Amino acid sequence: MTPVIALVGRPNVGKSTLFNQMTRTRDALVADFPGLTRDRKYGEGFYEDRKFIVIDTGGLTGQEAGLDSEMAQQSLQAVDEADIVLFLVDGRAGLTAGDEVIADHLRRSDKQAHLVVNKTDGQDPDVAAADFYKLGFQSVFMIAAAHNRGVRSLLEHLLPEP
Ligand code: GDP
Ligand code: MG
């Protein structure tokens, strides 16, 4: 089974940038992957010889009333479809109230989510991450998607050698 990775987080944290990095070896969109709807953006990627599907979403602001807006539904459906959930946050903006709401939702889902702190370029990684540890995620990854930094090591952790 090809693992499915969902990217969720507030708008502008870098989800689409990471999606593009993850799929650039094979940027064709997945046309017919059984059971997946076409409302979200699906891509296929490879880490070494390990194939995966990645889902980009519009993002959750954490302020949706009851999380029932269309965009929120997209993100929640992506989480449902995924084997692996990556919760992206912006290391420059620091922890926001929206991040806390999203973290709370992810904690209540049965999917294990990994926290990914993006935009760590030009920052002290410890300072960038400090705020976010209090969200209580077991695994925290530091990346700079725009510079493709930390992305391979993230994939190495998510897709261990069979
Ligand atoms: P999305 O709304 O979560 O999909 O975010 P985007 O991928 O569209 O990125 C939002 C903005 O953040 C864009 O201007 C990106 O160029 C910028 N961005 C993404 N990744 C990084 C990064 O690693 N470092 C910095 N400095 N900017 C980034
Ligand atoms: Mg986007």
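Here's a quick briefing on the sheet, the helices packed on it and the surroundings of ligand 1. Keep in mind that this is a predicted model. At its heart for our purposes is an open sheet of 6 strands, with mixed pairing. Helix 3 and helix 5 are two elements that pack on this sheet, while helix 1 gives the most residues to the shell around ligand 1.

**The sheet**
- Reading across the sheet, the strands come in the order 2-3-1-4-5-6.
- Strand 2 (41–47) and strand 6 (140–142) sit at the edges, so to speak, each pairing on one side only.
- Neighbouring strands are turned by 30° against each other on average, direction ignored.

**A pair to look at**
- Strand 4 (residues 84–90) runs parallel to strand 5 (residues 113–118), and the two pair over 6 bridges.
- For a spot to find by eye, try F87: its bridge partner in strand 5 is L115.

**Helices on the sheet**
- Helix 3 (residues 97–108) touches strand 1 (4–8), strand 4 and strand 5.
- The direction of helix 3 makes about 170° with that of strand 4.
- Helix 5 (residues 151–158) touches strand 1, strand 2, strand 4, strand 5 and strand 6.
- The direction of helix 5 makes about 90° with that of strand 2.

**Around ligand 1**
- There are 15 residues around ligand 1, and G14, K15, S16, T17 and A146 come nearest.
- Helix 1 (residues 15–23) supplies 3 residues to this shell, the most of any contributor.
- By character, the shell splits into 5 nonpolar, 7 polar and 3 charged residues.

Definitions and conventions
Residues numbered from 1 in each chain as written. Chains lettered and ligands numbered in written order. Predicted model: local features only at pLDDT ≥ 70, side-chain atom pairs only at ≥ 80, totals over all residues. Pairing = 2+ DSSP bridges. Helix = DSSP H or I, 4+ residues; strand = E, 2+ residues; numbered from the N terminus. Axes fitted to C-alpha atoms, helices over the stretch in contact; angles between N-to-C directions. Contact = placed C-beta atoms within 7 Å. Near = placed C-beta within 6 Å. Nonpolar A, V, L, I, M, F, W, Y, C, P; charged D, E, K, R; others polar.
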